[in-house]
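Hi there,

Here is the structure I promised to pass on. Have a look at it first, and then read my notes below.

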Amino acid sequence: ELAGGNFSLGEIYFTSKEYDLSLKFFLRALAYDKALNHQQHIGYDYHRIGSIYLVKEDFDQALENTQNAIDIFEQESAFHEMSRSHILMAKIYAKLGEQIKRFNHLKQAEHSVLKAPNDHQKSAVWFHLGQYYFDIKQYKQALQLVEKALPISTRLGLKSRQLDDNILLS
């Protein structure tokens with residue numbers, strides 16, 4: 001319960017863009033989850049900590065924590081969560097300008113989500129792959145992927161994703 005409460009506070013502060021406070025609570029959640037040996041929760045903690053370090057542009061910490069999350073999710077066969085963490089890793093590599101590593105993680109995200117299909121996550125993977133192809137000026141591939149993502153985003157009512165998909169299509 002203490003781990004969950006700290007995780008929730010971390011989410012609230014993250015949403016409020018108070019990243020130092022968010023990090024404090026996610027680190028507390030991580031400590032409690034480690035004491036309880038809740039592996040998937042530890043993975044969630046590492047993922048969110050990696051997200052904070054990405055925003056703070058501490059890329060070494062972002063990479064380390066996100067890789068920790070991927071490793072745990074892989075051990076737990078938590079494919080949906082592994083897909084999310086691979087997308088996060090791709091975002092980190094995009095910021096670092098490492099397109100090959102970005103692409104590799106996006107393909108791993110796609111592979112993971114197909115093992116445990118989830119429409120919301122498939123839409124996210126295809127959007128980010130489309131963004132990758134757009135960024136490297138391979139517009140035909142970008143269009144194909146975003147056209148796969150948009151109907152799912154629309155059906156699920158994911159307004160911000162619909163907007164992102166439509167911006168990429170324009």
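Where does Asn37 lie? Asn37 sits in the loop between α2 and α3. Its phi is near 60°, a positive value in a residue other than glycine. Asn37 is also exposed, with a relative accessible area of 53%.

Before the rest, some ground rules. This is a predicted model, in which local features need pLDDT of at least 70 and side-chain atom pairs count only at pLDDT 80 or more, while totals for chains, interfaces and linings use all residues. Residues are numbered from 1 along each chain as its sequence is written, and side-chain values use heavy atoms, with hydrogens and water left out. Helices are DSSP runs (H or I, at least four residues), numbered from the N terminus. For accessibility, buried means under 20% relative accessible area, exposed means over 50%, and partly exposed is in between (1.4 Å probe, protein chains only).

Lys17 makes a good companion to Asn37. Lys17 is found in the loop between α1 (2–15) and α2, and it has a positive phi of about 65° although it is not a glycine. With a relative accessible area of 61%, Lys17 is exposed.

Now the salt bridges (a side-chain nitrogen of Lys or Arg within 4 Å of a carboxyl oxygen of Asp or Glu). The structure holds six of them, including the three that follow.

- Asp20 and Lys56 meet through their side chains at 2.4 Å, N to O. Asp20 lies in helix α2 (residues 19–36) and Lys56 in the loop between α3 (39–55) and α4, so this pair ties together parts that are 36 residues apart in sequence. Asp20 is exposed at 54% relative accessible area, whereas Lys56 is partly exposed at 36%.
- Glu110 and Lys107 form a salt bridge at 2.7 Å, N to O. Both lie in helix α6 (residues 99–115), three residues apart, about one turn of the helix. Glu110 counts as buried at 13% relative accessibility, while Lys107 counts as partly exposed at 35%.
- Asp119 pairs with Lys122 in a salt bridge, the closest N and O atoms being 3.4 Å apart. These two both lie in helix α7 (residues 119–135), three residues apart, about one turn of the helix. Here Asp119 is partly exposed, with a relative accessible area of 28%, and Lys122 counts as buried at 17%.

On to helix packing. Axes here are lines fitted to C-alpha atoms, for helices over the stretch in contact, and angles run from 0 to 180 degrees between N-to-C directions. The axes of α7 and helix α8 (residues 139–156) come within 8 Å and cross at roughly 155°. The two helices are therefore roughly antiparallel to each other (angles over 145 degrees count that way). α7 passes α8 in a left-handed crossing, the term for a near helix turned anticlockwise from the far one by less than a right angle. Among the residues making the contact (heavy atoms within 4.5 Å) are Trp126, Phe127 and Tyr133 of α7 and Leu145, Val146 and Ile152 of α8. Asp119 and Lys122 also belong to the α7 side of this contact.

Helix α5 (residues 79–96) and α6 pack at an angle of about 165°, with their axes 8 Å apart. That makes α5 roughly antiparallel to α6, and their crossing is left-handed. The contact residues include Phe79, Met82 and Tyr93 of α5 and Arg102, Leu106 and Val113 of α6.

Arg102 turns up again with Asp135, a residue in helix α7. The side chain of Asp135 makes a polar contact with the side chain of Arg102 (3.0 Å); a polar contact is a pair of N or O atoms within 3.5 Å, where within protein one must be able to donate a hydrogen and the other to accept it, and residues adjacent in sequence count only if both atoms are side-chain atoms. Asp135 counts as partly exposed at 37% relative accessibility.

Last, Asn65. Its place is in helix α4 (residues 59–75), where Asn65 is buried, with a relative accessible area of 7%. The side chain of Asn65 reaches the backbone oxygen of Gln61 at 2.9 Å. Not counting residues up to four places away in sequence, Asn65 touches Tyr46, Ile49, Gly50 and Tyr53.

Cheers

Conventions. Parallel < 35°, antiparallel > 145°, perpendicular 65-115°, else oblique.
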